[in-house]
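Biologist: Please take one part of this structure and go through it closely. Keep it brisk, and give me the cut-offs as you go.

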Amino acid sequence: MQLPTVDYKAPDAAAHFVESLRNTGFGVLKNHPIPQSLVESIYKNWQDFFNSEQKHNFLFSKETQDGYFPPSVSEVAKGFTIKDIKEYFHVYPKGRVPAELEADVREYYRLANEFAATLLSWVQAEAPADVRAKFSIDLKDMIADSEQTLLRILHYPPMTGDEEPGAIRAAAHGDINLLTVLPASNEPGLQVQKTDGGWLDVPCDFGSLIINIGDMLQEASGGYFPSTIHRVINPTGKASTKSRISLPLFLHPRPDVVLSERYTADSYLQERLRELGVK
């Protein structure tokens, strides 16, 4: 079994993309409108940032959750006790960004957010009528003017051999948000869990865009769209000497958006952040 790669420009792209989301929780697109040159520039410049001491000047704020999160406070995935092997920087619309890195990051955030609205429209249009009826408002309108949508610039450092036993770059987890939009990383390692418990490599062809369902869309669709567990495994051999940069955009609704009878977007997010130990 392989995850299919869908040509964004194909006339039946929406149907095939949403079918992949429905079956696996993931979709992979090629020929999408996000410029590869912009992604490459961000990878290069943020690699330099993570290699520098400047990152410590942007230490994260617990109140706003923006800024630099060092490995010492990296996430522990739900159900795990060992920290992931990673460091990252959180960018929000009103959050801090190093001045020399800001233009590219803001442009990427804008383009990916606009493109994501198109993808959410696809999801809604291709969903059965009874599922569409569960959405309190149009999916694309849930993220309109949201200040909660998060761009995370992730750095998985080279392996040193001194890692805590059992630690991996990102332990198995589900995302909290509606959809996650992710350019294929500069190194492989992302895997999605199959229904039989095995793991499937997510295509990492440079230039592809990877999209996965988050828990909020699963909640809002009454479970029709599955938020699939995924992870980033440790590299071996020569690849273990390389860093991995990743640029997930986590699409979050405005806090007051009603997801279901049980949750608003805000109540869902706060519950999950407490579980992750970052609140």
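Modeller: Here is a close look at the first helix and its packing, followed by one further residue and the chain around them.

This is a predicted model, in which local features need pLDDT of at least 70, side-chain atom pairs count only at pLDDT 80 or more, and totals for chains, interfaces and linings use all residues. Residues are numbered from 1 along each chain as its sequence is written, and side-chain values use heavy atoms, with hydrogens and water left out.

Start with helix H1, residues 13-24, and helix H3, residues 102-126. Helices here are DSSP runs of H or I with at least four residues, strands are E runs of at least two, and both are numbered from the N terminus. Two packed helices are described by the angle between their axes and the distance between the axes. H1 and H3 pack at about 80°, with axes 9 Å apart. That makes H1 roughly perpendicular to H3 (65 to 115 degrees). The axes are lines fitted to C-alpha atoms over the stretch in contact, and angles run from 0 to 180 degrees between N-to-C directions.

Which residues make the contact? H1 supplies Ala 13, Ala 14, Ala 15, Phe 17, Val 18 and Leu 21. H3 supplies Leu 119, Trp 122, Val 123 and Glu 126. Contact means heavy atoms within 4.5 Å. By class, the contact of H1 with H3 has 9 nonpolar, no polar and 1 charged residues. Ala, Val, Leu, Ile, Met, Phe, Trp, Tyr, Cys and Pro count as nonpolar; Asp, Glu, Lys and Arg as charged; the others, Gly among them, as polar.

Asn 23 also sits in H1. Asn 23 is exposed, at 53% relative accessible area. Exposed means over 50%, buried under 20%, and partly exposed in between, with a 1.4 Å probe and protein chains only. The C-alpha atoms of Asn 23 and Thr 228 are 9.8 Å apart, yet 205 residues separate the two along the chain.

Now Asp 215, in helix H6, residues 215-220. Asp 215 counts as buried, at 11% relative accessibility. Leaving out residues up to four places away in sequence, Asp 215 touches Asp 175, Ile 176, Asn 177, Ser 227, Tyr 268 and Arg 272.

Last, the whole chain. It has 7 helices and 13 strands. Of its 279 residues, 52% count as buried. The C-alpha trace spans about 50 × 40 × 35 Å along its principal axes. Among contacts with a separation of 6 or more, 74% join residues 24 or more positions apart.

Methods: Angles under 35 degrees count as roughly parallel, over 145 as roughly antiparallel, 65 to 115 as roughly perpendicular and the rest as oblique.
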